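Got your viewer open? Get ready to click, select and look around, one stop at a time.

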Amino acid sequence: MSFSASNGMNHIIQAQQFTPEFIKKIFDLANHLEMNHETPLKGKIMATLFYEPSTRTRFSFESAMLRLGGQVITTENAREFSSAAKGETLEDSIRVVSNYADVIVMRHFEEGAAERASRVASVPVINAGDGKGQHPTQALLDLYTINRELGGIDGITIAMAGDLKYGRTIRSLSYLLGKYKNVKIIFVSPEALRVGTDIKEYLKRHNTTYHETEKLEEVLPSLDVLYQTRIQKERFSDPAEYEKLKGCYQLTPALADRLPKHAIIMHPLPRVDEISPLVDASPKALYFKQTYYGLLVRMALLKFVLTPSSFRDEE
């Protein structure tokens, strides 16, 4: 999938559309925007249309837009507090909101909703998470965090632990990691929450080494990155199944100490009980710093989709 869709818009829908070359340019732009106060989006309006609850992603995008000089219109729970509650289709909502904003950042509870929105929008659409599908901007900020903290991506060993069946963040990050050299991925989960075959087939096509295990403690000493995720209660149709699986991986200070000294601990947040608050004091704990890095990456992405000609000039 390319950035320029059939309607001529630069949509950001899935991680597969990013090339390593594009990612580097976004990272360079994020670094630049961190050090330089610019307002290239003055006069632009961003609509954040969230059909699922969010704190970090919504505030991150809104802060990014405001810092770049733009303005924001928003609805936090569009599932209940928009015309969707009256039965309006997603497509009609997007057509209407396109008249009010220059870019739409959307989170939705249905996989594939962002792609549907992009087909009818007259402005760029950015996928801020669609059900158990993807979360491409989270994957970019995760990759940026790794690059900033470890000095590169090629050759890393990363464990992704927790809910790998429903976790959209690990799906998108896996797609990105498959584009780099000599990356080794260890999927850590109970059997009921294993990563999907589509991800594994993608990694095989890209010659990315991976293996699966249920034992987190055994892989810790070999890691550069531990990417911890929560067991997502909202994705389970059977509450009893959730109760059986919750708390299956809990990172304690003792376990964190088994990681190499240079290793980093990441988490897309929010957390429940999968990382003890006692781990927060560790220099390896990067999950709150991730949120700051996310602001920089989303600033760069907004500048790209809203001023693509200037982005090309910087290339």
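Here is a short tour, stop by stop. Keep in mind along the way that this is a predicted model.

**Stop 1: a sheet of four strands**

Start by colouring the strands β1 to β4. Together these four make an open sheet, and going across it you meet them in the order β2-β1-β3-β4, with parallel pairing. At the edges sit β2 (71-75) and β4 (125-130), each of which has a pairing partner on one side only. Turn the sheet and follow its twist, which averages 15 degrees from one strand to the next. What holds neighbouring strands of a sheet together? Strands pair through backbone hydrogen bonds, in a parallel or an antiparallel way.

Now zoom in on residues 45-50 and 103-108. These are β1 and β3, which run parallel and are joined by five bridges. For one example, select Thr48 and look across to β3, where its bridge partner is Val105.

Keep β1 and β3 on screen and add residues 90-97. That is helix α3, which lies across both strands and runs at about 155 degrees to β3.

**Stop 2: two helices that cross**

Next, select residues 56-67 and 287-306. You now have helices α2 and α11, whose axes come within 8 Å and cross at roughly 55 degrees. Are they parallel, perpendicular or oblique? An angle from 65 to 115 degrees would count as roughly perpendicular and one under 35 as roughly parallel; α2 and α11 are therefore oblique to each other. The crossing of α2 past α11 is right-handed.

Show the side chains where the helices touch. On the α2 side, the contact includes Phe61, Ala64 and Met65, while α11 brings in Leu295, Met299 and Leu302, among others. Sorted by type, the contact residues come out as seven nonpolar, five polar and three charged.

**Stop 3: a strand tucked inside**

Select residues 157-161, which make up strand β5. How many of its residues are buried? Five of the five are, so β5 is largely enclosed by the rest of the structure. In a regular strand, side chains alternate between the two faces of the sheet. Here, Thr157, Ala159 and Ala161 are on one side, Ile158 and Met160 are on the other, and both faces are covered.

Add residues 184-188 to see strand β6, which pairs with β5 in the parallel sense over five bridges. Click on Thr157 and you'll find Lys184 of β6 standing opposite.

**Stop 4: loops with unusual backbones**

Go to Asn182, in the loop between α6 (168-177) and β6. Its phi is near 55 degrees, a positive value in a residue other than glycine. Is Asn182 buried or exposed? Its relative accessibility is 70%, so Asn182 counts as exposed.

Then jump to Leu269, in the loop between β9 and α11. Leu269 has a positive phi too, near 60 degrees. Leu269 is buried, though, with a relative accessible area of 15%. Step along to Pro270, also found in the loop between β9 (264-266) and α11. The peptide bond from Leu269 to Pro270 is cis, with omega near 5 degrees.

**Last stop: far in sequence, 9.1 Å in space**

Finish on Lys289, back in helix α11. With a relative accessible area of 40%, Lys289 is partly exposed. Draw a line between its C-alpha and that of Met266: the two residues are 23 apart in sequence and 9.1 Å apart in space.

How values were computed: Residues numbered from 1 in each chain as written. Predicted model: local features only at pLDDT ≥ 70, side-chain atom pairs only at ≥ 80, totals over all residues. Heavy atoms only, no water. Pairing = 2+ DSSP bridges. Helix = DSSP H or I, 4+ residues; strand = E, 2+ residues; numbered from the N terminus. Axes fitted to C-alpha atoms, helices over the stretch in contact; angles between N-to-C directions. Contact = heavy atoms within 4.5 Å. Parallel < 35°, antiparallel > 145°, perpendicular 65-115°, else oblique. Left-handed = near helix turned anticlockwise from the far one by under 90°. Nonpolar A, V, L, I, M, F, W, Y, C, P; charged D, E, K, R; others polar. Buried < 20%, exposed > 50% of the residue type's maximum accessible area, 1.4 Å probe, protein only.
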